[in-house]
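Here is a short structural report on one protein chain. It moves from overall dimensions to sheets, helices and two individual residues.

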Amino acid sequence: MGRNIAIVEDEPAIRANYVEALNRFGYTTHGYSTRPDASRAFAQRLPELVIIDVGLGDEPEGGFELCRELRAQSPTLPILFLTARDSDFDVISGLRLGADDYLTKDVSLHHLAARISALFRRIDALNKPASKETVVEHGPLKLEAERMRVTWNNHEVPLTVTEFWMIHTLVRFPGHVKNRDQLMREAQVVVDDATITSHIKRIRKKFLAIDEAFDSIETVHGAGYRWRPT
């Protein structure tokens, strides 16, 4: 049986097409038409990856609300938006809520499958035991690469898979500036500068929730970001 994917899409024909296509790619795919239907199902059992449209029936922002609910249930569940709404505001809103990727519906099925595969490859690291070679420590920070786990002052930081790989890129070489292209390559996403900025803001916010004095991610204007050496 293939990995379990849920797609939340209010248009019956579109939903059926994606379910059929993803099943052909070897996944076990379940479709839901409304946010409440999906929420009830996910309260019983979370899928391994969720694909969400933004507008759901009579809820223009239903997909955003569902993303918020899911992120509260699991900080590591891969969430991908697939929608016709392509404004910068919508993309940034989705990523700020914790989505790992944001695609528009003109994307090819093979590209969608590639994005799904990339998310699964990254989340598989959670099931691997940590080894000494994959543990990075800098002051209060401890990063376990194979388990995709980050702690600050012994408190776990609830990062999404995309956020984790961005932090991983920065902390491996403290003091080295990483530009947006390098961050995208490491996180296996293709987004614009504003989206990278939104990810970084969200990462900072999560560290600040643990430590109000957190300032280890430094913005180097015109160049990128770096992890401040301790």
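The report below describes a predicted model.

**Overall build**

The protein chain has eight helices and 11 strands. Its radius of gyration is 18 Å, close to the 17 Å that the globule rule gives for 230 residues, so the chain is as compact as a globular protein of that length. Along the principal axes, the C-alpha atoms fill a box of roughly 55 × 35 × 30 Å. Of the 230 residues, 49% count as buried. The accessible surface comes to about 11000 Å², and carbon and sulfur atoms account for 49% of that surface. Contacts reach far along the sequence. Among those between residues at least 6 apart, 58% join residues at least 24 apart.

**The parallel sheet**

Five strands form an open sheet in the order 2-1-3-4-5, and the pairing is parallel. Strand 2 (28-32) and strand 5 (101-104) are the edges. Each has a single partner strand, so one side of each is left without a neighbour in the sheet. On average, neighbouring strands are turned by 20° against each other, direction ignored. Strand 4 (residues 79-83) and strand 5 run parallel and are joined by four bridges. Within this pair, Phe 81 has Tyr 102 of strand 5 as its bridge partner. Helix 5 (residues 109-124) packs on the sheet. This helix touches strand 1 (4-8), strand 3 (49-52), strand 4 and strand 5. The direction of helix 5 makes about 165° with that of strand 4.

**A helix pair**

The axes of helix 2 (residues 35-44) and helix 3 (residues 62-73) come within 10 Å and cross at roughly 10°. Angles under 35 degrees count as roughly parallel, so helix 2 is roughly parallel to helix 3. Helix 2 contributes Arg 35, Ala 38, Ser 39, Phe 42 and Ala 43 to the contact. On the side of helix 3, the contact residues are Gly 62, Glu 65, Leu 66, Glu 69, Leu 70 and Gln 73.

**The antiparallel sheet**

A four-strand open sheet has the order 6-7-8-9, with antiparallel pairing. Strand 6 (135-138) and strand 9 (155-156) are its edge strands, each pairing on one side only. Strand 8 (residues 149-152) pairs with strand 9 in the antiparallel sense, over two bridges. Trp 152 has His 155 in strand 9 as its bridge partner. Helix 6 (residues 161-171) lies across strand 6, strand 7 (141-144) and strand 8. The angle between helix 6 and strand 7 is about 115°.

**Two loop residues**

The table sets out two residues, each with its loop, exposure and contacts beyond four places in sequence.

| Residue | Loop | Relative accessibility | Contacts |
|---|---|---|---|
| Asn 153 | between strand 8 and strand 9 | 38%, partly exposed | Pro 140, Asp 211 |
| Ser 216 | between helix 8 (193-210) and strand 10 (217-220) | 8%, buried | Trp 152, Arg 226, Trp 227, Arg 228 |

Why does Ser 216 count as buried? Buried means under 20% relative accessible area, and Ser 216 has 8%. Asn 153, at 38%, counts as partly exposed, because that class lies between 20% and 50%. The C-alpha atoms of Asn 153 and Lys 142 are separated by 8.4 Å, with the two residues 11 apart along the chain. Trp 152, the bridge partner of His 155, is one of the residues in contact with Ser 216.

Terms used. Residues are numbered from 1 along each chain as its sequence is written. This is a predicted model: local features need pLDDT of at least 70, side-chain atom pairs count only at pLDDT 80 or more; totals for chains, interfaces and linings use all residues. Side-chain values use heavy atoms; hydrogens and water are left out. Two strands pair if DSSP finds at least two bridges between them. Contact means heavy atoms within 4.5 Å. Axes are lines fitted to C-alpha atoms, for helices over the stretch in contact, and angles run from 0 to 180 degrees between N-to-C directions. Buried means under 20% relative accessible area, exposed over 50%, partly exposed in between (1.4 Å probe, protein chains only). The radius of gyration is taken over C-alpha atoms; the globule rule is 2.2 Å times the number of residues to the power 0.38. Accessible areas come from the Shrake-Rupley method with a 1.4 Å probe; for residues, only the protein chains shown count as cover. Angles under 35 degrees count as roughly parallel, over 145 as roughly antiparallel, 65 to 115 as roughly perpendicular and the rest as oblique.
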